[in-house]
Amino acid sequence: GINNMPFTDSFFAPYRVYARKLERRLRGRVTLQPVTHPKGTVLLSYVTHPFTITKKELDRSPHTNPWECLIIAEILIERGLAVDVIDWTNTTFIPKKNYVAVIDVNRNLERLTPFLSEKCVKIFYITGAHWRYQNEAEQKRLKELKERRKCLLEPRRQMNPSNNIEYADYATALGNGFAQDTFSYAHKDIVNIPLLSVAQFPSPERKDFKNIKKNFVWIGGGGAAHKGLDRALEAFAHMPEYKLTVCGPVAAEKDFAECHKKELYETPNIKLMGRIDVRGEQFKKIVNDSVGLIYPSCSEGQAGSVITGLHAGLIPIITRQSGVDAEPFGIELKTASVEEIIDAVKRIAALTDDELRSRSLAVWHYAQKHHTKEQFKESYASFMDKVMKERKI
């Protein structure tokens, strides 16, 4: 039966070919049907591509959102609901069906509401901070960088205005409560959902902590200044005896790379690896030779790179705005200043080998318990069961 099929492989295999045909015919909409007659249809406004690619292609994706979307669809189908999936960027789709619920990740609830029945349940799937908070936070970081380095950088993490929270009947959010707090003005009950991980790593118990205690990693995607890489680079440039390995598409941000040319390309204790496969052997070697993760971001939902670091047993030196709590394993950066990062790095490196091993193992076990596909599914299924019971779906 469908309820016994694992979501990782066989569950969606029969649907992918079907969905690929529908993708072309229905202009970006994917439709999934339960094995029994559906008790209703849910519109999921997130991403369609996970349903139209192979399992091998899915496993190569560096992002968590394909898995999030697949698992949410699976939860709905297991509960006897059909699912229509559109991309959250789709601004032309007009509902023709009488949907029992709509789940959206960005700004489609407001646009779609006039076409929905009064009984349709509107659910906001929050993946980041409120757009106004995030935009202001990035602009503040860029202003401070300009004052420190005389570099004027292009903003790369600006969000379009969204009134989704005002239109939502229910909401979920990834993270440690930081993102939820930026929506508190709306007085909506927001349920926390822990982010899953796309990468797994062996126990860090056998790491050579004596020889790696001064080695750290920064992992991130686009928006290097937003994610605090500039501050990390400046900190390690002042600490030649410590090593920083940078994993991310930094060179593609030419203004940032030019501004930090000396740190990125001419400083011996800083190594730029570029974009890297977190499932690959090269990355496994990097984290095995490193003790901690530096991630001084100014605004996230729950940073996938930090969750990857936890799974690798890296002791976190991070901001609360990363969406992950650093304590009791690591250090929470309050200001994320260059001086505070230097102090935090030295404090971690000064710990005994046994203390480093203990913290690294605690981080790893925490990630294994809280940030998996299975835990994500359990949390979101519990939320949907509550919604369906209250709304009699």
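Which helix gives the most to the lining of the second largest pocket? That would be α5, and the first legend takes a look at this spot in what is a predicted model.

**View 1. The second largest pocket and its lining.** Helix α5 (residues 131-149) puts six residues into the lining. The pocket holds about 240 Å³ of space. Its lining is made up of 14 residues, and Lys-140, Arg-141, Cys-298, Gln-321 and Thr-335 sit closest to the centre. As for chemistry, the lining is a mix of six charged, five nonpolar and three polar residues.

**View 2. The largest cavity.** There's one cavity of 30 Å³ or more to show here, and the space in it comes to about 50 Å³. Glu-138, Leu-142, Leu-153, Glu-154 and Arg-156 are among the residues that line it, and so are Gly-223, Ala-224, Ala-225, His-226 and Glu-253. Sort that lining by type and you get four charged, four nonpolar and two polar residues.

**View 3. Strand β4 and its two partners.** β4 (residues 101-104) pairs with strand β2 (residues 41-46) in the parallel sense, over four bridges. β4 also pairs with strand β5 (residues 121-126), again in the parallel sense and over four bridges. To find your way around, look for Val-102 of β4 bridged to Leu-43, and for Ala-101 bridged to Val-121 of β5. Side chains in a regular strand alternate between the two faces of the sheet. Here Ala-101 and Ile-103 go one way while Val-102 and Asp-104 go the other, and all of them are buried.

**View 4. Ile-103 in the largest nonpolar core.** Nonpolar side chains tend to be buried together in soluble globular proteins. The largest nonpolar core has 105 residues, and Ile-103 is one of those touching the most other members, along with Phe-216, Phe-236, Leu-244 and Tyr-380. Helix α3 (residues 65-78) is the top contributor to this core, with nine residues. Setting aside neighbours within four places in sequence, Ile-103 is in contact with Val-42, Leu-43, Leu-44, Ser-45, Ile-72, Leu-76, Ile-123, Tyr-125, Tyr-380 and Met-384. Another core, of 18 residues, lies apart from the largest one; Ile-86, Phe-93, Ile-126 and Ile-165 are among its members.

**View 5. Helix α9, mostly covered.** How many of the nine residues of α9 (residues 229-237) are buried? Eight of them are: Leu-229, Asp-230, Arg-231, Ala-232, Leu-233, Glu-234, Ala-235 and Phe-236. Phe-236 should ring a bell from View 4, as one of the residues that touch the most other members of the largest nonpolar core.

Definitions and conventions
Residues are numbered from 1 along each chain as its sequence is written. This is a predicted model: local features need pLDDT of at least 70, side-chain atom pairs count only at pLDDT 80 or more; totals for chains, interfaces and linings use all residues. Side-chain values use heavy atoms; hydrogens and water are left out. Buried means under 20% relative accessible area, exposed over 50%, partly exposed in between (1.4 Å probe, protein chains only). Helices (H or I, at least four residues) and strands (E, at least two) are DSSP runs, numbered from the N terminus. Two strands pair if DSSP finds at least two bridges between them. On a 1 Å grid over the protein atoms alone, a cavity is a set of points where a 1.4 Å probe fits but cannot get out, and a pocket is an open set with protein on both sides within 12 Å along at least five of seven lines; lining residues have an atom within 4 Å of a point. Grid points are joined across faces, edges and corners, and a volume is the space filled by probe spheres set on the points. Ala, Val, Leu, Ile, Met, Phe, Trp, Tyr, Cys and Pro count as nonpolar, Asp, Glu, Lys and Arg as charged, and the others, Gly among them, as polar. A nonpolar core is a set of buried Ala, Val, Leu, Ile, Met, Phe, Trp, Tyr and Cys residues joined through side-chain atoms within 4.5 Å. Contact means heavy atoms within 4.5 Å.
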